[in-house]
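Open the model in your viewer and keep the selection tool at hand. The tour moves from stop to stop, with something to select at each one.

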Amino acid sequence: MFRTELPIAPATDQLSRTARVLTMGSCFADSIGSRLLANKVEALANPFGTVFQPLALAKLLRAAAGEDVDWQQHVVEARGRWQSYDLHGSVGADSPVELLQHIQELVRRTGEFLRSTDVVLLTLGTAWAYRLRETGELVNNCHKQSADLFVRELLTPDDIINGLAETHAYLRRINPKLRFVLTVSPVRHLKDTLPLNAVSKSVLRVATHIVSDLLPGVAYFPAYELLLDDLRDYRFYAADMLHPSEVAEDYIWEKFTRTYFDAEFGRFRKEWASVRQALGHRPLHAAAPEHRQFLETTLQKLEQLSLRRVEVSAELQTVRTQLAALPEPRQPEPVAEVEDDEERIDIGEGSVVSSIARPVDTTPVVADAAAEALSAAQGDGRPPRLSPEEFRSQRNHSGRQERGRRDGRGKGQMSPPAKRSNTRHLLC
């Protein structure tokens, strides 16, 4: 049975690489936010930690936009340190004062980013909420406190629609061009049981559909449907069979970027992927000349990206440090000239060839030796000893024919027997 791919229409006004994106909500917001940062997009991912409940998420956004919130009333000592019912367990401090100061800094930093943000991505995790029995106020996280302190309830689609609409209007006052992308987390909440998890997801899906249909600048991205209806196989889940696997997250990420980012960002991602692979390279021998050349090439690519206003200062510093740590390259040793016995003759300055080699002329030496031999032979009455040149000269002028050609019949033919015997008789 073949899988039918879920079609997603691209956004009419797509984002460039220089866009600013704020992601908040469930772990899907962390997944998208980390991938945006890895691809050099200016993003802020879950500054208050993971937030599953949509009304708690809306409250944090309005606080970052300037709404007054009394953080002190929800400070509690839990897990060995001080935490807040309004924030995730990852946000804590050793004292209430330090915790409140930390929360104020998070709110301020998120508010500054929000004022120049292009898109806010909100991922809703569950419609189940908890209220403090003492005050009746909704909380974001129970921090493993006693269940008797809270009342569990299911939010209605109207509760979520009103909360998101109020937050949308509040944020658009400080940033009129701000756009919203809503999605529902595909992670199942088994603590709610599978039937109640299905109810929760259906409430979230109805609310996001109505908000994206009614409010301007709001769109819905089907991350929930991509995993459950497009991939729809447990091989795309992690070991816990609840969270999507890395392959599934990459698949959803590709869909997200093609929907909301332009083609130029797609080309940049391919270029940056090769640079990231080079940055992760580990050589077998760091002192090899090839590794130095590899680092210098990578440094040139990073410098070119920096000229294009890509934030790569950390990567540049890393490569420069690696280059500085390499040993100095060894200089080649000079090659000694090999002497020979050939005579060199200078043919004058300005010539194309300054000297030529020729064999040593031994003619005077041979002539002197022949003269000495002749003088010695005349003194003792013996015939003079001929040099090889003189012997060959006399043989050529003697008129003697080569052996085998005495009768002119050709090479290899012998004289008649009678003529050969007469010659022998005369010699005797």
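A residue counts as buried when its relative accessible area is under 20%, and as exposed when that area is over 50%. Between those limits, a residue is partly exposed. Keep these cut-offs in mind for the stops below. Note too that this is a predicted model.

**The whole protein**

Start with everything shown. The protein has 13 helices and 13 strands. Of its 428 residues, 37% count as buried. The accessible surface comes to about 26,800 Å². Carbon and sulfur atoms hold 53% of that surface. Now think about contacts between residues with a separation of 6 or more. Residues 24 or more positions apart account for 66% of them.

**Stop 1: His291**

Select His291. It is found in helix 9, residues 289–307. Is His291 buried or exposed? Its relative accessible area is 10%, so His291 is buried. Next, show what surrounds it. Leaving aside neighbours within four places in sequence, His291 is in contact with His281, Pro283, His285, Ala286 and Leu326.

**Stop 2: helix 9**

Widen the selection to the helix. Helix 9 has 19 residues. From its first C-alpha to its last it reaches 28 Å, close to the 27 Å expected at 1.5 Å a residue. Colour its buried residues: His291, Leu295, Thr298, Leu299, Leu302 and Leu305. Around the axis they cover an arc of only 120 degrees, which puts them on the same side of helix 9. A general point helps here. An α-helix has 3.6 residues a turn, so residues three or four places apart point the same way.

What do the buried residues of helix 9 pack against? Show helix 8 (263–279) and helix 10 (313–325), their packing partners. Then turn to the other side of helix 9, where Pro289, Glu290, Gln304 and Leu307 are exposed. Step past the end of the helix to Arg309, which follows helix 9 and has a positive phi, near 65 degrees.

**Stop 3: helix 5**

Select residues 194–214. This is helix 5, with 21 residues. At 1.5 Å a residue it should span 30 Å, and its end C-alpha atoms are 30 Å apart, so the two agree. Colour the buried residues of helix 5: Asn197, Ser200, Lys201, Val203, Leu204, Ala207, Thr208, Val211 and Ser212. Look down the axis of helix 5. The buried residues fall within an arc of 155 degrees, so they line one face of the helix. The face turned away from that buried side carries the exposed residues Pro195, Asp213 and Leu214.

**Stop 4: the largest cavity**

Keep Val211 selected. It is one of the residues that line the largest cavity. Add the others: Leu122, Leu164, Thr167, His168, Phe180, Leu182 and Val218. The largest cavity has a volume of about 60 Å³. Helix 4 (157–174) and strand 10 (179–184) are the elements that give two or more residues to its lining. Which element gives the most? Helix 4 does, with 3 residues.

**Stop 5: the largest pocket**

Move on to the largest pocket, with a volume of about 940 Å³. Its lining has 30 residues. Select those closest to its centre: Phe52, Tyr130, Asn141, His189 and Lys191. Then add strand 7 (128–132) and strand 9 (150–154), the elements that give two or more residues to the lining of this pocket.

**Stop 6: two loop residues**

Most residues other than glycine have a negative phi. The next two selections go against that pattern.

Select Lys144, in the loop between strand 8 (138–139) and strand 9. Its phi is positive, near 60 degrees. Lys144 is exposed, with a relative accessible area of 71%.

Now select Met241, in the loop between helix 6 (223–231) and helix 7. Met241 also has a positive phi, of about 60 degrees, although it is not a glycine. At 40% relative accessibility, Met241 counts as partly exposed.

**Stop 7: Glu254**

Finish in helix 7, residues 246–260, where Glu254 is found. Glu254 counts as partly exposed, at 27% relative accessibility. Set a distance label from its C-alpha to that of Gly266. The two residues are 12 apart in sequence and 9.5 Å apart in space.

Technical notes
Residues numbered from 1 in each chain as written. Predicted model: local features only at pLDDT ≥ 70, side-chain atom pairs only at ≥ 80, totals over all residues. Heavy atoms only, no water. Helix = DSSP H or I, 4+ residues; strand = E, 2+ residues; numbered from the N terminus. Expected span 1.5 Å × (residues − 1). Buried < 20%, exposed > 50% of the residue type's maximum accessible area, 1.4 Å probe, protein only. Arc of directions from axis to C-beta. Contact = heavy atoms within 4.5 Å. Areas by Shrake-Rupley, 256 points an atom, 1.4 Å probe, with all protein chains shown as cover. 1 Å grid on protein atoms, 1.4 Å probe; cavity = no way out; pocket = protein on both sides within 12 Å on 5 of 7 lines; lining within 4 Å. Points joined across faces, edges and corners; volume = space filled by probe spheres on them.
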